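Here are my notes for you, written as short numbered points. Keep the picture open while you read.

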There are 2 protein chains.
Amino acid sequence: MKKNQLPVKTLERLILYKRLLSEVQNRGQQTVYSHQIAQLVGNSAVQVRRDLMQIGFSGSSRNGYVIKDLLQAIEKTLNNAYQQKMILLGVGNLGKAILTYFTCQQPLFNLVAAFDNDPNKVNRVIGGCRCFPLEKLDELVKQEQIKLAILTVPAFEAQNLANKLIYLGIKGILNFAPVTLKVPDSVICEQMDIMLQLEKLAFLTQQKDEVNYAKV
Amino acid sequence: MKKNQLPVKTLERLILYKRLLSEVQNRGQQTVYSHQIAQLVGNSAVQVRRDLMQIGFSGSSRNGYVIKDLLQAIEKTLNNAYQQKMILLGVGNLGKAILTYFTCQQPLFNLVAAFDNDPNKVNRVIGGCRCFPLEKLDELVKQEQIKLAILTVPAFEAQNLANKLIYLGIKGILNFAPVTLKVPDSVICEQMDIMLQLEKLAFLTQQKDEVNYAKV
DNA sequence: TTCACGATGTGAATCATTTCACAGGGGCAA
DNA sequence: TTGCCCCTGTGAAATGATTCACATCGTGAA
Ligand SMILES: NC(=O)c1ccc[n+]([C@@H]2O[C@H](COP(=O)([O-])OP(=O)(O)OC[C@H]3O[C@@H](n4cnc5c(N)ncnc54)[C@H](O)[C@@H]3O)[C@@H](O)[C@H]2O)c1
Ligand SMILES: NC(=O)c1ccc[n+]([C@@H]2O[C@H](COP(=O)([O-])OP(=O)(O)OC[C@H]3O[C@@H](n4cnc5c(N)ncnc54)[C@H](O)[C@@H]3O)[C@@H](O)[C@H]2O)c1
């Protein structure tokens, strides 16, 4: 097995570059320098160049990078990541927000269906996406060959539901519940942990404040 | 200046340990081994021990760690991070979900007020938190000495609002808008980038799939 | 045509994080 | 009491990420 794997950190930055380059392009700009990208993304120019090196993209030393080509190169690397079908489970407050956001704003992903076990939520259309009862899960996942799921159910339900999803063939889970899911090696689970980030932020600001005091 | 800074990665894990240990404790367990924590958090036992080393906490070789003491030690490290006051800006779909979650579930933080510039949202109570018009921002932030803010406004408003917040003395921002905010060194900005995580997930699962094919 | 400048691309150094490997300790069984 | 087992704590190695430093190149000005 080769080690041509893109480092995850680089992957994350490439996604940022892409987003940002689209904007810049929409403003009519044709080329960028690494230090411009760096500036916009809060980065160093060397790091940008290294990242582009990873995907084998070259610019010209005089004009920097041609935005159109660069975007294409990044998209080619991320390629098959787009337009993958996905489902969402748990149409509560958070789930609804995400559903709405998706269907309004994001042409990138294909959010096929939502599921909930609350009879009041079922069979309604929320943010352009139909909400099905849990009983339909099997059928739909198999039929549509879904590989990705967003989990916005209560924490104590998350592992159970994840197990079911995995059993049905889901390969990637974006989990908002504040629990660490046990998943087999063949499945990837990303954690969106809002509270954790907040605690972290609270700690870091407070710590920085102390350092500032110490300096004085 | 000393280098007694807690590594960020360790910080994140400590928060997880804390969360998890509370649960375990509630189930009546008194002590844990590092490998048990590791198991629950999806980690290695060595890493757990190293993390605890960082905060100078010791267990006994026969019985592992006393949960009560360990929790206390972690809380002591994170100490002042709790009960800090914070505000939320942008009471849209996402903002509402977070507000509701907070006031219902999280005794950890003190979400003091929400702000929006939409007259329809203003002066209502959402999830137990009052929504103020933007004009009240100055007054309230200064009066209550707010240091933390959650940003759930549209992307194109985010930087402006962030500038204002920083000017008013905010030191930490949790930003949900998909833009990289420019902030001075004295301010910390954490990004909660849902779409980025999804793209990442989509890429990784798809990549893993390819690797699996290659194996066969 | 030549030179100098301001970019890129990249080996090597540095810094950060994780893992390895093992010393040390304490209790329990015999 | 002895020996063993399973734990913790940690120096040192390995791995991963970032930064430094510089060779290189293409262009525009002289
Ligand atoms: N809302 C937030 O800001 C926020 C922040 C951090 C974490 N979270 C986490 O996100 C998750 C959802 O939060 P929320 O605020 O939307 O909660 P919520 O209670 O509003 O929504 C949960 C939804 O899941 C549904 N559900 C319950 N069990 C289910 C099952 N077995 N199958 C399918 N659907 C099921 C419920 O009917 C409900 O609609 C929770 O785990 C929460 O801890 C939310
Ligand atoms: N909802 C999601 O799932 C989701 C996912 C990813 C990212 N985001 C990001 O989160 C942010 C909010 O998303 P949303 O779905 O809640 O959008 P939304 O449009 O529902 O909410 C935005 C809110 O901000 C308010 N607002 C606008 N300008 C303001 C200003 N200057 N000051 C104060 N309030 C202002 C609006 O009145 C509105 O209530 C956006 O930046 C979006 O890109 C949301």
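The points below go through an annotated stretch and then the DNA.

1. First, some ground rules: this is a predicted model, where local features need pLDDT of at least 70 and side-chain atom pairs count only at pLDDT 80 or more, while totals for chains, interfaces and linings use all residues. Residues are numbered from 1 along each chain, chains are lettered from A and ligands numbered from 1 in the order written, and side-chain values use heavy atoms, leaving out hydrogens and water.

2. The unreviewed UniProt entry has a "binding site" annotation that includes A:Gly92 and A:Asn93. Such annotations may be inferred rather than shown by experiment.

3. A:Gly92 sits in the loop between β3 (85-89) and α5 (93-105) of chain A; helices (H or I, at least four residues) and strands (E, at least two) are DSSP runs, numbered from the N terminus. Beyond residues up to four places away in sequence, A:Gly92 touches A:Asp116 and A:Lys121, where contact means heavy atoms within 4.5 Å.

4. A:Asn93 belongs to helix α5 of chain A. Leaving aside neighbours within four places in sequence, A:Asn93 is in contact with B:Ala97 and B:Thr100.

5. Now the DNA: 22 residues surround strand D, the closest including A:Arg50 and B:Tyr65; a residue is near a strand if one of its heavy atoms lies within 4 Å of it. α3(B) gives the most to this surface, with four residues.

6. Look at the phosphates too. A polar side-chain atom of A:Gln47 is 3.2 Å from a phosphate oxygen of DNA strand D, and for B:Ser58 that distance is 3.1 Å.

Note on methods
Polar contact = N/O pair within 3.5 Å; in protein donor to acceptor, adjacent residues only side chain to side chain.
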